[in-house]
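Biologist: Before relying on the labels attached to this protein, I would like to see each of them set against its rule. Please take me through them in turn.

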Amino acid sequence: MPEVGKKEGIEELCTKRDELSHQIQQEEGEKNKLQNDIRLLTEKLARVNESLARKMATRNEFEKTIAETEAAYTKVFEFWEWKSPILEGCEEHRAGLHTSSFHSNVNEALGVSVTSTLLLS
């Protein structure tokens, strides 16, 4: 019995070892696959983070441009509201001037007589 028992015990241990080796190979394959998946996902995550950073920077530039443009429009509008009555007064004044009186005022300011103006023309 000692010889037969030893042989059966060794065969049983060899069978268990082979089964365990097969399980180890399967788990190592799964581990390698998972590590590869992690590597691919890490690379994808890095690309997404870079894309997000670029898009967020662009959005911030848009927000800055919008704010600056709105501020400029507000200043123009406020300036126009302030200048509008003055400009309207100038238009009314300009519409009331006669061409001949305008020319005589200019000639008078330049020190040119009306007759010399007529002679030059």
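Modeller: Helices (H or I, at least four residues) and strands (E, at least two) are DSSP runs, numbered from the N terminus. By that rule the protein chain has three helices and zero strands, and its pattern along the sequence reads α-α-α. This is a predicted model, in which local features need pLDDT of at least 70, side-chain atom pairs count only at pLDDT 80 or more, and totals for chains, interfaces and linings use all residues. Residues are numbered from 1 along each chain as its sequence is written, and side-chain values use heavy atoms, with hydrogens and water left out.

Biologist: How do you know which helix has the highest mean pLDDT and which the lowest?

Modeller: pLDDT is the predictor's confidence in each residue, from 0 to 100. Helix 1 has the highest mean among the elements, 89, and helix 3 (residues 114-120) the lowest, 44. For the protein chain the mean is 80, with 65% of residues at 70 or more.

Biologist: What does the model contain over residues 112-121?

Modeller: There pLDDT stays under 50, and the model has three contacts (heavy atoms within 4.5 Å) beyond four places in sequence. Where pLDDT is low, the predicted coordinates should not be read in detail.

Biologist: What makes K33 and D37 a salt bridge?

Modeller: The term requires a side-chain nitrogen of Lys or Arg within 4 Å of a carboxyl oxygen of Asp or Glu. For K33 and D37 the N to O distance is 2.9 Å, so the pair satisfies the rule. The two residues are four apart in helix 1, and therefore separated by about one helical turn.

Biologist: Why is K33 called exposed, and what is D37 called?

Modeller: Buried means under 20% relative accessible area, exposed over 50%, and partly exposed in between (1.4 Å probe, protein chains only). K33 has 51%, so this residue is exposed. D37 has 26% and therefore counts as partly exposed.

Biologist: Which residue forms a salt bridge with E43, and which with E63?

Modeller: E43 pairs with R39, the closest N and O atoms being 3.1 Å apart; both lie in helix 1, four residues apart, about one turn of the helix. E63 pairs with R59, with the closest N and O atoms 4.0 Å apart, and these two are likewise four residues apart in helix 1. E43 is partly exposed at 36%, as is R39 at 42%. E63, at 46%, is also partly exposed, and so is R59 at 45%. By this rule the count comes to five salt bridges.

Biologist: What makes V48, L52 and M56 a nonpolar surface patch?

Modeller: Patches are made of residues with over 30% relative accessible area and no salt bridge; like charges are joined within 9 Å, nonpolar side chains (Val, Leu, Ile, Met, Phe, Trp, Tyr) within 5 Å. V48, which is found in helix 1 (residues 2-96), is partly exposed because its relative accessibility is 41%. Together V48, L52 and M56 make a patch of about 250 Å².

Biologist: How much of the protein chain counts as buried?

Modeller: Of its 121 residues, 2% count as buried.

Terms used:
Accessible areas come from the Shrake-Rupley method with a 1.4 Å probe; for residues, only the protein chains shown count as cover.
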